Amino acid sequence: MKKRLDNLIANAGIATRSEAKKLIRGKRITADGKVVTDPAAKFDPEETKLEFDGSPLRIRDYVYLMMNKPAGVVCATEDNVFSTVCDLLPEEYQSFAPYPVGRLDKDTEGFVLLSNDGDLAHRVISPKHHVPKRYYAKIEGTVTEQHKELFQKGVTLEDGYVTMPAQLFLLSADEIELIIYEGKFHQVKRMFEAVGCKVTYLKRLEIGPLVLDKTLALGEIRELSDQELELLKSVL
C-alpha cells in the first residue's frame, strides 16, 4: 500500500512527521536511488527501496509502547474534560495512532500498554486468554489470611458477579499485591469493597510477562524491546 513519504519516515522512527518534511526537503531521502523532495509523494515500502543518507529505512506498521500512567489521566484516545494517555504521547508516535490496550481508572497509576496492533490488543484483553495483571495497592481496613482464601475462590461483587480466582499477597498491615485474570470495571476496588475494605492507592505493575520499567517516571513512555514483545506474544 502506498503511503505519504513523510508518514513512512515517521514510521521508521528516525524523525517526527514535521522533522521528516525537513529531511525530505533537505534531499536526504532517496527512493530507488533517486532523491525525493516532496513530502506528499507516495510509495509502497514493499516495492520501493527507501533510504536515509544512504542507509535503508526500516518501515514499520505497528508500535508497542509501555507507559507509566500518572493519576488524573484517563485511558482513552480523547476526552472533553481530562487529559488522556494519548495526550502524553511524544510526537514521533502520533502518526501511528496507538490506543490504550485495556483501561486503568483515572486515579490509578502504573503500566498501560498502547499499540495500534488491533489483533494483539484483542488477545491481551480477551477473557479467554486470561492474561494476568498484577497490582500494588494500599488498603483501608484489615486484610487477613482469610481474605486470601476468599480471593482465591472468587469474590462476589455488589451486582452478583463472581470474579475469577485471584491471587492476593499480604505485604504489610495496609499493603497488598493482587493478580487478577480479567478486567471488569473498577474490579480491584470492587473486590475489596465486597470484603469490607477500601483501596486508597492503586498501581498496575505487570501485564502478562511484562513488568513496568522502574526507570520510567510517571507520564513517561518507551517502546517495548523486541524481547519483551516476543515474550508477550508467547502467552497470547
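Two strands count as paired here if DSSP finds at least two bridges between them. Keep that in mind for the sheet we start with. One caution before that: this is a predicted model.

So, the sheet. Four strands form it, in the order 3-2-5-6. The sheet is open, and the pairing is antiparallel. Which strands sit at the edges? Strand 3, residues 34-35, and strand 6, residues 55-56. Each of those pairs on one side only. Look at strand 2 and strand 3. Two bridges join them, and they run antiparallel. For a marker, take Ala-31: opposite Ala-31 stands Lys-34 in strand 3.

Stay with Ala-31 for a moment. Ala-31 is one of the contacts of Thr-48, along with Asp-32 and Phe-43. That list leaves aside neighbours within four places in sequence. Where is Thr-48? In the loop between strand 4, residues 42-43, and strand 5. Is Thr-48 buried or exposed? The cut-off for buried is under 20% relative accessible area. Thr-48 has 15% relative accessibility, so Thr-48 counts as buried.

Now helix 2, residues 17-25. Its buried residues are Ala-20, Leu-23 and Ile-24. Look down the axis of helix 2: these residues fall within an arc of 100°, so they line one face of the helix. Turn to the other side of helix 2, and you find Lys-22 and Arg-25 exposed. What covers the buried residues of helix 2? The cover includes helix 1, residues 5-11. It also includes strand 2 at 29-31 and strand 5 at 50-52. Both of those strands belong to the sheet I just described. Just past the end of helix 2, Lys-27 takes a positive phi of about 60°.

Two other residues have a positive phi. Ala-97 is one of them, with phi near 50°. Ala-97 sits in the loop between strand 7, residues 64-69, and strand 8, residues 99-100. His-186 also has a phi near 50°, and it is not a glycine. Its loop runs between strand 12, residues 175-180, and helix 5, residues 187-194. His-186 is partly exposed, at a relative accessible area of 28%.

That brings us to strand 12. Five of its six residues are buried, so strand 12 is largely enclosed by the rest of the structure. What does strand 12 pair with? Strand 10, residues 133-140, pairs with strand 12 over six bridges, in the antiparallel sense. There, Lys-138 has Glu-175 of strand 12 as its bridge partner. Strand 11, residues 167-172, also pairs with strand 12 in the antiparallel sense, over five bridges. There, Leu-170 has Ile-176 as its bridge partner in strand 12. How many residues link strand 11 to strand 12? Two, in a hairpin.

Next, helix 3, residues 118-125. Leu-120, Ala-121 and Val-124 are buried there. They cover an arc of only 100° around the axis, which puts them on the same side of helix 3. What do they pack against? Strand 7, strand 8, strand 9, strand 10, strand 13 and helix 6. Strand 9 spans residues 109-115.

Now the pockets. Rolling a probe the size of a water molecule over the atoms shows where empty space is left. The largest pocket holds about 630 Å³ of space. Its lining has 28 residues. Which lie nearest its centre? Arg-103, Leu-104, Gly-183, Lys-184 and Phe-185. Helix 3, strand 10, helix 5 and strand 13, residues 198-207, each supply at least two residues of that lining. By class, the lining has 15 nonpolar, five polar and eight charged residues.

The second largest pocket has a volume of about 200 Å³. Its lining includes Arg-58, Arg-60, Asp-61, Tyr-62 and Tyr-64. From later in the chain come Glu-223, Leu-224, Asp-226, Leu-229 and Lys-233. Which element gives the most to this lining? Helix 6, residues 226-234, with three residues. The classes are four nonpolar, no polar and six charged.

To close, three places to look at on the screen. Find the open sheet, in the order 3-2-5-6. Find strand 12, with five of its six residues buried. Then find the largest pocket, lined by 28 residues.

How values were computed. Residues are numbered from 1 along each chain as its sequence is written. This is a predicted model: local features need pLDDT of at least 70, side-chain atom pairs count only at pLDDT 80 or more; totals for chains, interfaces and linings use all residues. Side-chain values use heavy atoms; hydrogens and water are left out. Buried means under 20% relative accessible area, exposed over 50%, partly exposed in between (1.4 Å probe, protein chains only). The arc is that of the directions from the helix axis to the C-beta atoms. Contact means heavy atoms within 4.5 Å. On a 1 Å grid over the protein atoms alone, a cavity is a set of points where a 1.4 Å probe fits but cannot get out, and a pocket is an open set with protein on both sides within 12 Å along at least five of seven lines; lining residues have an atom within 4 Å of a point. Grid points are joined across faces, edges and corners, and a volume is the space filled by probe spheres set on the points. Ala, Val, Leu, Ile, Met, Phe, Trp, Tyr, Cys and Pro count as nonpolar, Asp, Glu, Lys and Arg as charged, and the others, Gly among them, as polar.
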